[in-house]
Amino acid sequence: IQATLFYVSDDGTQLVPTSRNVPYAATQAEQARRLVEAQVATAPEGLLSPIPAGTIVRAVFITDSREAYVDLGGTILSGHSGGSLDEALTVYAIVNAITTNLPEVTAVQILIEGREVDSLRGHIDLRAPLAKSLDWVQKGPSPQ
């Protein structure tokens, strides 16, 4: 499918929506997983990923209330640079990748190693599902 994924702008201050091919999946939950796997994969040449290299997708599921839960592992915590802006770009790249491409999903909660966490690096509250936020996304046409 043609999906919109999010990468860090040249100046490091916002997310740039970028059209990418993502494998099709038969179910919504599996499609959400493929979107997240594509988002955490190495960024295309010339783009910078907001997700630390070595991050893995452990599980993705969607509840009857249309909320997605994304369980991440690997270096998502240890490899993260920290800082409130970098944390926001990481969190909302994942949240927006799912909610933009699967509009039926209303919110996304990020879990780490199968557990709820307060935050990645102390800035964004991850104790509840987060709705899409375009506040961090570049406005206007994308250069990609």
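**A pocket, a helix and a core**

Colleague: By class, what makes up the lining of the largest pocket?
Modeller: This is a predicted model, in which local features need pLDDT of at least 70 and side-chain atom pairs count only at pLDDT 80 or more, while totals for chains, interfaces and linings use all residues. Residues are numbered from 1 along each chain as its sequence is written, and side-chain values use heavy atoms, without hydrogens or water. A pocket is an open set of 1 Å grid points where a 1.4 Å probe fits, with protein on both sides within 12 Å along at least five of seven lines, and lining residues have an atom within 4 Å of a point. With Pro counted as nonpolar and Gly as polar, the lining has one charged, five polar and seven nonpolar residues.

Colleague: Which element gives the largest share of that lining?
Modeller: Elements are DSSP runs, helices (H or I) of at least four residues and strands (E) of at least two. Three lining residues, the largest share, come from H2.

Colleague: Why is H2 largely enclosed by the rest of the structure?
Modeller: Buried means under 20% relative accessible area with a 1.4 Å probe. H2 is largely enclosed because the number of its 18 residues that are buried is 14.

Colleague: How many residues does H2 give to the largest nonpolar core?
Modeller: Such a core joins buried nonpolar residues through side-chain atoms within 4.5 Å. This one has 41 residues, and Val91 is among those that touch the most other members. The share from H2, the largest, is nine residues.

Colleague: Which residues does Val91 touch, beyond four places in sequence?
Modeller: Contact means heavy atoms within 4.5 Å. On that basis Val91 touches Ile110, Leu120, Ile124, Leu126 and Leu130.

Conventions
Buried means under 20% relative accessible area, exposed over 50%, partly exposed in between (1.4 Å probe, protein chains only).
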